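Subject: Structure handover

Hello,

Here is the structure I promised to pass on. Please open it next to this email and follow along.

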Amino acid sequence: MTITPSAQADVATLAPQRVLFVPPAPRPLREPPDLFGFLRGARANPLETWTEAHFEQPILAGRGVLGRVTVLSDPAAIRHVLVENARNYRKDDLQRRVLAPGLGNGLLTAEGDEWRRQRRAMASLFTPRQVAAFAPAMDDAALKLVRRWRRRGEGSRLDVAAEMTRVTLDVLERTIFTQGLARDPDALGRVITRYFDAIGPVDPLDVFGLPEWLPRIGRLRARPALRFFEEIVDELIATRRELVASGRPAPRDLLTLLLEARDPETGDPLSEIEVKANIVTFIGAGHETTANALSWSIYLLGQDRVVRERVEAEVDEALASASAAEALDRLVLTRAVVDEAVRLYPPAPFMSRAAIGDDRIGPYRIPAGSLVMIAPYVLHRHRRLWDRPDAFDPERFLPGRRESIDRFAYLPFGAGPRVCIGASFSLTEATIVLARVVQGTRLELEPGHDVKPVQRVTLRPSGGLPMRLALR
Ligand code: HEM
């Protein structure tokens, strides 16, 4: 498997005067890997197990280690599975087994009536109005980050991936627990990072569906980190419950909203366990995904001077007399950079579903129990769906061109009833943070560093993203 090194990246020409940057990605395999190759790839970097056919064919059905699998990159077929016949599909055991030990039965992993009840109760948490109310807290976190970088000074070396994890955790702390953590906030960040590092690689025991009681090394390693993390969350919920019960005004953050959430059909609140599972879910599903979206955006901007200068001009003008939270509507190209970054490097690179009953998609039979895979990483670079699929071209997301993108060809946040509940939260956050970073700094990739995308639950730059800081 070869990775195109960034220093020698290919270039493509969209218009005669415009050379587009083609960022690094694993070269697809000519042939499907054998069993050993697949397992090695699944553990080391699942991005390296896709074949050329996946990027060229709309639908590929086959039998492999995971039984019968149908990979869908046809927008109409995807709409069928995620929307029209969504009730016939559930999140499959592989995805649940990999995520559930950490995320409990929160919204991401719950199924059936339990999921429907939770989703109804939580609909009010992420409305556009509510997300807009969180935007100033996002801006404060972004300003704090840039101030800290300015103190480090011109020419210092930053691991932008680690910095983005820090700022997205800061945003979650400010929007979930406004009153902050009793302990050192960085301690929580370290615990979460250790936890995701430990459960990150897919355990071969999970691929084969071996019983839960067999110990998985990754999970054993994750256990102390998880326990410590849960203790902190317990403490925060208990303190907030006391405050709410005391009748004193409680902050309007996600924790209070979760404690107040009611199923509109029954009036029932979320149980104690559900509140906790969803706090953990918001942190787990929301911090590293958004951090990766930001890291890739900053990396891509650092490689394309033309786009960077245009984003700088947009940001300078928009933020001259308004906060980033107020100026969101004017940060159009900044937002398009984020959209393009999560097209090329979707933080959640694949989704899978198991068919509950038999189904048919065109000529393809989907037998009950078989697996259907939708991989945004493949879909977003599919040769039949995109013009210059591997090139960085944020302008494709600007008004005028954006309308021609099929809703089901672009799925960084999924689609249908199980679409990401945090999508607009995350896009608002990423746009604000990117705008503040561009306003205050100019970041260049550390010379000689090869960027390599790797999938470890989320899609991130392997070994971090070392960059040099220049101040603006
Ligand atoms: C760039 C950032 C993010 C990306 C790329 C992302 C991606 C996704 C995707 C693809 C799904 C659907 C999975 C499937 O259908 O199998 C999903 C679901 C979900 N996401 Fe996100 N997400 C992001 C940020 C967030 C944030 C910030 C939060 C919460 C604060 C969040 C919470 C959730 C939850 C709870 C679900 C499950 C929804 C359900 O099943 O009803 N995500 N996300």
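Below is what was found, starting with the ligand and ending with a cavity.

Please keep in mind that this is a predicted model.

**The iron**

Start with the iron atom of the ligand. Which protein residue gives it a donor? The single donor from the protein is Cys420, through its SG atom. The distance is 2.3 Å. Look for Cys420 in the loop between helix H15 (376-379) and H16.

**The shell around the ligand**

Now widen the view. The ligand is surrounded by 27 residues. The closest are Trp115, Arg119, Arg353, Arg418 and Cys420. By class, the shell has 15 nonpolar, eight polar and four charged residues.

Three contacts to oxygen atoms of the ligand are worth finding on screen:

- Trp115: an N or O atom in its side chain is 2.7 Å from a ligand oxygen.
- Arg353: a polar atom of its side chain is 2.7 Å from a ligand oxygen.
- Leu107: here a backbone N or O atom is 3.4 Å from a ligand oxygen.

Which elements give two or more residues to this shell? They are helix H5 (112-122), H12, strand E7 (351-355) and H16. H12 provides the largest share, with six residues.

**Arg418**

Arg418 is among the closest residues to the ligand. Like Cys420, Arg418 sits in the loop between H15 and H16. Is Arg418 buried or exposed? Its relative accessibility is 18%, so Arg418 counts as buried. The cut-off for buried is under 20%. The side chain of Arg418 also has a partner in the protein: one of its polar atoms lies 2.8 Å from the backbone oxygen of Ala110.

**The cavities**

Next, the empty space. Rolling a probe the size of a water molecule over the atoms shows where such space is left. How many cavities of 30 Å³ or more are there? The count is two.

Take the second largest cavity. It holds about 80 Å³ of space. Its lining includes Ile298, Leu301, Arg308, Glu312, Leu434 and Arg442. Four elements give two or more residues to this lining: helix H12 (272-303), helix H13 (305-318), helix H16 (423-440) and strand E11 (441-445). By class, the lining has six nonpolar, two polar and three charged residues.

H12 and H16 are worth a second look. Both give two or more residues to the shell around the ligand, and both do so for the lining of the second largest cavity.

Best wishes

Notes. Residues numbered from 1 in each chain as written. Predicted model: local features only at pLDDT ≥ 70, side-chain atom pairs only at ≥ 80, totals over all residues. Heavy atoms only, no water. 1 Å grid on protein atoms, 1.4 Å probe; cavity = no way out; pocket = protein on both sides within 12 Å on 5 of 7 lines; lining within 4 Å. Points joined across faces, edges and corners; volume = space filled by probe spheres on them. Nonpolar A, V, L, I, M, F, W, Y, C, P; charged D, E, K, R; others polar. Donors = N, O, S within 2.8 Å, 3.2 Å for Na, K, Ca; no water. Near = heavy atom within 4 Å. Polar contact = N/O pair within 3.5 Å; in protein donor to acceptor, adjacent residues only side chain to side chain. Buried < 20%, exposed > 50% of the residue type's maximum accessible area, 1.4 Å probe, protein only.
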